[in-house]
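User: Hey, got a minute to go through a model with me? I'd like to talk about interfaces and cavities.
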Amino acid sequence: MKLIEDANKEAVKRILEGEPRLIDILPAREVLKGLKEKMILHAGPPITWDRMCGPMRGAVAGAIVFEGWAPDLKAAEQLAASGGVEFHPNHHFGAVGPMTGMTTVSMPLFVVENAKFKNRTYCAINEGLGKVMRFGGNDESVLNRLRWLRDVFGPQLAKAIRALGSIDLKSITARGLSMGDELHQRNLACSSVFLREVAPTMARVVEDKEQLAECLAFIAKNDQFFLNLAMPMGKAMTDPAKGIKGSTVVTAMCRNGTDFGIRVSGTGDQWFTAPVEMPEGLYFPGYSEKDANPDMGDSAIVETIGLGGFAMAAAPAVAGFVGAGAPSAAANFTRSMSEIAVGQNPEWTIAAMDFAGVPTGIDVRLVVETGIVPLINTGIAHKEPGVGQVGAGVVKAPMGCFTQAVRAIAKELGVS
Amino acid sequence: MSSVVLNEIRKGFYLDSVALMRISREVAAAPGVAEAALMMGTPANVAIMKNAGLLKDGKTNAQGNDLILAVRAESEAAGREALALAEKALDKPKTQGESAEAWRPRSIAAAVKSIDGLNLALISVPGDFAAAEARKALSRDLHVMMFSDNVSVEDERSLKELARERGLLMMGPDCGTAIINGAPLAFANNVKRGGIGVIGASGTGTQEVTCLISEAGGGISHAIGVGGRDLKKDIGGITTLMAIDALDADPATERVVLISKPPHPDVAKAVLARIAKSPKPYVICFIGAKSAELPPNARFAATLKQAAELALDGRPISKGYDAGAEAKRHARRKGASKIEGLYSGGTLCAEAQVILASGGRKVASNAAIPDVPDLAAPEANGRERIIDLGSDEYTKGRPHPMIDPSVRDDALRAALKDPSVAVILVDVVIGYGAHSDPAGHLVQVVEKRGKDAPLIVGSVCGTEQDPQIRSAQARRLQDAGILVAPSNADACKLALALVTSG
Amino acid sequence: MSDEKKSPVQKLLSTEVKVVNVGLEGFVKDLKHCNIGVVHVDWSPPAGGDPAMAALLAKLGV
């Protein structure tokens, strides 16, 4: 249908034209319009306390104590259960967050601006590996780390970013793709390049040598540091493509551990949700499927812009590790994803596929037609709060979201 | 004996109909199993399974994209074993000789996007989905050959008009045979290349004519299939007319043979008028028509064999074969006088009716030519039955007999036991797409027949270059005491001679 | 006749046939045996076999 084809071309054009740049780090209360005390933003589509999974509840309790809205975790849970805090998706406030995705007023957030369209998106700083709030961790060690991020790391890194003016996230991504990253499960190369870009300036702007050492070490030992930049980069690129009449291109994919939600350009902010699926993958020693938490996090925004599972061909090692098959099968994943995408990104190419661009612009019609759902590379959390990551794998987006979206677009266009 | 019905559903698991049939047959043969079927859960298939008593409590939750495994066995244990056998067969690796990691596109769109130079889509998906797939192919400038049938006339018309608009060939629906620029497509034979072009609304008609020409030393430029309904009034010969244009303009084609069941008179008129404008000589074979008013550059052939002979400029085919002399060498069964025709090829069945009727026999058929009664009609009583086993009523939920010869087995066994049958007439069609050893299969079914069984007369439709090798198939049949004639027409003549001699 | 003047059907009759096979996989091995280029589409009914959804998708131009 010409209306749809033209609308989709426009949507992909806007996504590809994006110029996402990291420009600052600021407390959430200063940048998220409407975010107040006793409000908790979470990953995924809207959800209530009674439907939240274990790690999400653990994180909520920890965030409440972190902000001082309750004296301890038990009181925090009671506050949450009694309706004492409001829950909202990160996406409703222009933000994204990995796994549990907790965002509250005093947390320092990366500020990413799309220089082409002037829109901005936000994301908290990646805490690192092990016992962290994004996996539901909420003890003193977790909260102390959050305090350090709020009081030391955030402000110091912010000074360096402001001194640099801005950092171009697209070009770091392009380099990472040529070095074995796919930007969801593997961000080691991008994180290293990022450190290379900020370290010299940090050395100049951070006055206390001890703090400088701590800050550099924090980035250096976190292989996934760049994930929390790739995510707002993704949202910054897709937000301008929202609301194009008749477009069937996906602008967001996210999960809250219970529901999977997508948004489609032609239907604006409407959520299409369905129960999340279980990831399939490999587990760290001592863990197995019975320990796994259902799929969670706003990080599926990276697949929405053609990275992660869509760029698997750039990271064959990930394919093997996440149990998705032999490394040589990695290219087939990307080829499959091309079947449900409108176009390719000429700036993000995969050498192993003769420099084909990553598939961009997921078309919900093609998903339903072919039966091929987006494949998401994901970490697997332990279903008990606070234990952390127990494996990595691949998870399928549920078909239900896409069939609902097709019906909604058809209704929108008066087609039955 | 109590009967246990077991069902299992594999959600979202799709396998093509032929692959499922093979597995169904394997499972049905398992010990203690009365009936078994593996089918996709479409409403039509669910009805078939329900009627066969294969659905537990007569119902199922399966949807169109789910696979239903159903078994009716004499015990729970036998049923479970049979289901396990089915599971094993389903989980076998799909393709041999292809790397398991090879990427397979899931759509025509993806195939065209990723591979250069594709120019023809061969479509054999279930009828409900075939038209949509053809549209996708045509809109991407692919010519289409559609083996699928059970496509509506309206869809066929709309597809052929779309194809014509874009200058593309829409061969089908219900088109089983084509040879394009030396490439045999679907059910076709390895024939020699030469100057004779064929336009066929019939699969086995095209196969028989191209094989007879090739075996007689002639050659084929192209054989363009148009689908069984192209010359009906509703379609108006759209593809046939395009094929005429194409062969007229083709430098490799010197003369053309047109094969079809008799067209609607208006369509025949239009087609013949177009042929009159052609610089090339045409042979018109409307099987079952007595004659036609032809332009000066066209000649009429009443049978496929005659069509081949006229195409070869009058060179006789199987010149040395004397059906009468051959018939004298075999004694007819006492008290039996009837010919029974059991055909896998529809047009071969039609040719048989033509020859037997003009030889004075009273025949009836489920795929009757003009002036021959339908098998179900009251006039058919007592007539000789010439049956097309590839017709719709036999292929609902079963593969075509050319793919799976066992469709003919029951009818053969029944005919062998029928005291009124003197001669059984069969066709053995080889070539690409066909069974790997149709003669061997036939022999297995009939070899235990007694000395007093009906005579079996047949022909092998194929060439020496076909994978099954024509002469090897003929020898296999002859070694089992089956009388093999050089063409279907000759086989019919032999059958006639056998029942009218002595 | 130069290639540009040929109709699509004339082009087909004078070039190598390259097939995209949609449906019965059995046809593929025969085509390969004859050295005909063929790609097999791993086809399954669109929209999970739901005819109403398949019809809707067709109207939306897929």
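User: How many residue pairs are in polar contact across the interface of chain C and chain B?
Analyst: The rule finds 17 such pairs, with both residues at pLDDT 80 or more. Keep in mind that this is a predicted model.
User: Which elements of chain C supply at least two residues each to the side that touches chain B?
Analyst: Four elements of chain C do that: helix H1 (8–14), strand E1 (18–22), helix H2 (26–33) and strand E2 (37–41). The largest share comes from H1(C), with 6 residues.
User: And what's the makeup of that side of chain C by class?
Analyst: The side of chain C touching chain B has 19 nonpolar, 10 polar and 6 charged residues.
User: How many salt bridges are there between chain C and chain B?
Analyst: The count is 2. One of them pairs C:Asp42 with B:Arg104, where the closest N and O atoms are 3.9 Å apart. With a cut-off of 4 Å, that pair counts as a salt bridge.
User: What area do chain C and chain B bury between them?
Analyst: About 4000 Å², with 66% of it on carbon and sulfur atoms. In terms of contacts, 35 residues of chain C meet 52 residues of chain B.
User: OK, switching to chain B and chain A. What's buried there?
Analyst: Those two chains bury about 790 Å² between them, and 42% of that is on carbon and sulfur atoms. Here 10 residues of chain B are in contact with 13 residues of chain A.
User: Which residues form the salt bridge there?
Analyst: B:Lys136 and A:Glu369, with their closest N and O atoms 2.3 Å apart. The count between chain B and chain A is 1. By class, the side of chain B that touches chain A has 4 nonpolar, 1 polar and 5 charged residues.
User: New topic: how many cavities of 30 Å³ or more are there?
Analyst: The structure holds 6 of them. The largest has a volume of about 180 Å³.
User: Which residues lie nearest the centre of that largest one?
Analyst: A:Met102, A:Ala124, A:Ile125, A:Glu127 and A:Leu146, out of 15 lining residues. That lining divides into 9 nonpolar, 4 polar and 2 charged residues.
User: And the second largest cavity, what lines it?
Analyst: Residues of chain B, including B:Ser344, B:Met402, B:Arg408, B:Asp427 and B:His435. Strand E17 (residues 421–429) of chain B gives the most to the lining, with 3 residues. The second largest cavity holds about 80 Å³ of space, and its lining has 6 nonpolar, 2 polar and 2 charged residues.

Technical notes. Residues are numbered from 1 along each chain as its sequence is written. Chains are lettered from A and ligands numbered from 1 in the order in which they are written. This is a predicted model: local features need pLDDT of at least 70, side-chain atom pairs count only at pLDDT 80 or more; totals for chains, interfaces and linings use all residues. Side-chain values use heavy atoms; hydrogens and water are left out. Contact means heavy atoms within 4.5 Å. Buried area is the accessible area (1.4 Å probe) that two parts lose on being put together, summed over both. A salt bridge is a side-chain nitrogen of Lys or Arg within 4 Å of a carboxyl oxygen of Asp or Glu. Ala, Val, Leu, Ile, Met, Phe, Trp, Tyr, Cys and Pro count as nonpolar, Asp, Glu, Lys and Arg as charged, and the others, Gly among them, as polar. On a 1 Å grid over the protein atoms alone, a cavity is a set of points where a 1.4 Å probe fits but cannot get out, and a pocket is an open set with protein on both sides within 12 Å along at least five of seven lines; lining residues have an atom within 4 Å of a point. Grid points are joined across faces, edges and corners, and a volume is the space filled by probe spheres set on the points. A polar contact is a pair of N or O atoms within 3.5 Å; within protein, one must be able to donate a hydrogen and the other to accept it, and residues adjacent in sequence count only if both atoms are side-chain atoms.
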